[in-house]
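Reader: I'm new to this structure and would rather get to know one part well than skim everything. Could you pick a sheet, go through it strand by strand, and then tell me how the other sheet is put together?

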Amino acid sequence: MLEVRELRAGYGPVEILRGVDLDVEKGEVVALLGANGAGKTTLNRTLSGLLRPRAGSIRFAGEPIGGLAAEAVLARGLVHVPEGRRIFTNLTVRENLLLGAYRRGRARRRANLERVLGLFPRLAERLGQPAGTLSGGEQQMLAIGRGLMAEPSLLVLDEPSLGLAPMIVRQVLELAADLARQGLAILLVEQNVVQALAVARRAYVLEQGRIVAAGPASALLADDRLHRAYLGL
Ligand code: ATP
């Protein structure tokens, strides 16, 4: 579904991504791990069309998308759920969800809304409520639900566990795994290494703009280097 090769990107004179290779297939959760400043957000911005690649290629559903504008990338079904959720706090839950179908998925938005509300019964109970009154976990669910309204074939989840209680983190990540089982491709960008590896099939570790480790989640969980670098063990 997503095929990234030798990707380079940065800001001004500074190169941040220095040759990244990464794949995500349909039906799998792939975790992208890395400490603060490793380049995870830069990679996301490049995938989403917010930042132009300097070199290398990005293929999505068999076609090159590197250098396309953000709307064109979204139109193809690569949907980004941003860090910090960016929901519209003054709009209702329902309005936020419908905005997810503004550029893509408009024709089927009623059916998709039903499906999303089936996935998130808590949102169904709060449809008319301003989104700002939701709990942190509910806001994250709303952000994911809004992403689903755009009928993604790849969903990029940017640090969905940020600021959530451990039990809620588990629920959000398990939901990601459920969506993958239903056929979605998911790139899960996380600092929450152990919990991300628990739901991911494979993972990549980004360090200073390069992939320094990659493989099945279970193998990375057992990797001493990863333990030393990220788990403080
Ligand atoms: P975090 O988890 O803290 O968000 P990250 O892995 O997402 O970290 P990035 O945000 O991609 O890391 O940042 C990678 C590097 O790029 C950092 O050194 C950062 O200072 C730099 N950087 C990010 N945005 C810009 C920008 N707009 N201009 C210049 N440098 C930037």
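Author: Here is a walk through one sheet and the helix on it, followed by a look at the other sheet.

A bit of housekeeping: this is a predicted model, so local features need pLDDT of at least 70 and side-chain atom pairs count only at pLDDT 80 or more, while totals for chains, interfaces and linings use all residues. Residues are numbered from 1 along each chain as its sequence is written, and side-chain values use heavy atoms, with hydrogens and water left out.

Let's start with the open sheet of four strands, which has the order β2-β1-β4-β5 and antiparallel pairing. (Strands are DSSP runs of E with at least two residues, helices are runs of H or I with at least four, and both are numbered from the N terminus; two strands pair if DSSP finds at least two bridges between them.) β2 (14-24) and β5 sit at the edges with a single partner strand each, so one side of each has no neighbour in the sheet.

Go across it from the β2 side. β1 and β2 run antiparallel and share eight bridges. You can find arginine 8 opposite arginine 18 of β2. Next along, β1 (residues 2-11) is tied to β4 (residues 55-60) by five bridges, again antiparallel. Look for arginine 5 here, whose bridge partner in β4 is serine 57.

Then β4 meets β5 (residues 63-64) through two bridges, and these two are antiparallel as well. Phenylalanine 60 has glutamate 63 of β5 as its bridge partner. Together β4 and β5 make a hairpin with two residues between them, and alanine 61 in that turn has a positive phi of about 50 degrees.

Alanine 61 isn't alone in having a positive phi. Glutamate 6 has one too, about 50 degrees, although it is not a glycine. Most residues other than glycine have a negative phi. Glutamate 6 belongs to strand β1 and, at 46% relative accessibility, counts as partly exposed, because the partly exposed range sits between buried (under 20% relative accessible area) and exposed (over 50%), with a 1.4 Å probe and protein chains only.

Now for the helix. α1 packs on this sheet and touches β1, β2 and β4. Contact here means heavy atoms within 4.5 Å. The direction of α1 makes about 115 degrees with that of β1; axes are lines fitted to C-alpha atoms, for helices over the stretch in contact, and angles run from 0 to 180 degrees between N-to-C directions.

α1 is mostly covered, with six of its eight residues buried: Lys40, Thr42, Leu43, Asn44, Thr46 and Leu47. Zoom in on threonine 42, which lies in α1. Threonine 42 counts as buried because its relative accessible area is 6%. Setting aside neighbours within four places in sequence, threonine 42 is in contact with Tyr11, Ile16, Leu17 and Leu51. Just after α1 there is another positive phi, about 85 degrees, at glycine 49.

With that part in view, turn to the other sheet. This open sheet has six strands in the order β6-β7-β8-β3-β9-β10, and its pairing is mixed. Its edge strands are β6 (78-81) and β10 (210-216); each has a single partner strand, so one side of each is left without a neighbour in the sheet. From one strand to the next, the twist averages 20 degrees.

Inside this sheet, β3 (residues 29-33) and β9 (residues 202-207) run parallel, joined by four bridges. A pair to look for is alanine 31, which stands opposite alanine 203 in β9. A helix packs here too: α7 (residues 166-181) touches β3, β7 (154-158) and β8 (185-190), and its direction makes about 160 degrees with that of β8.

One last stop is glutamate 159, in the loop between β7 and α7. Its phi is positive, near 45 degrees, in a residue other than glycine. Glutamate 159 is buried, with a relative accessible area of 5%, whereas glutamate 6 is partly exposed.
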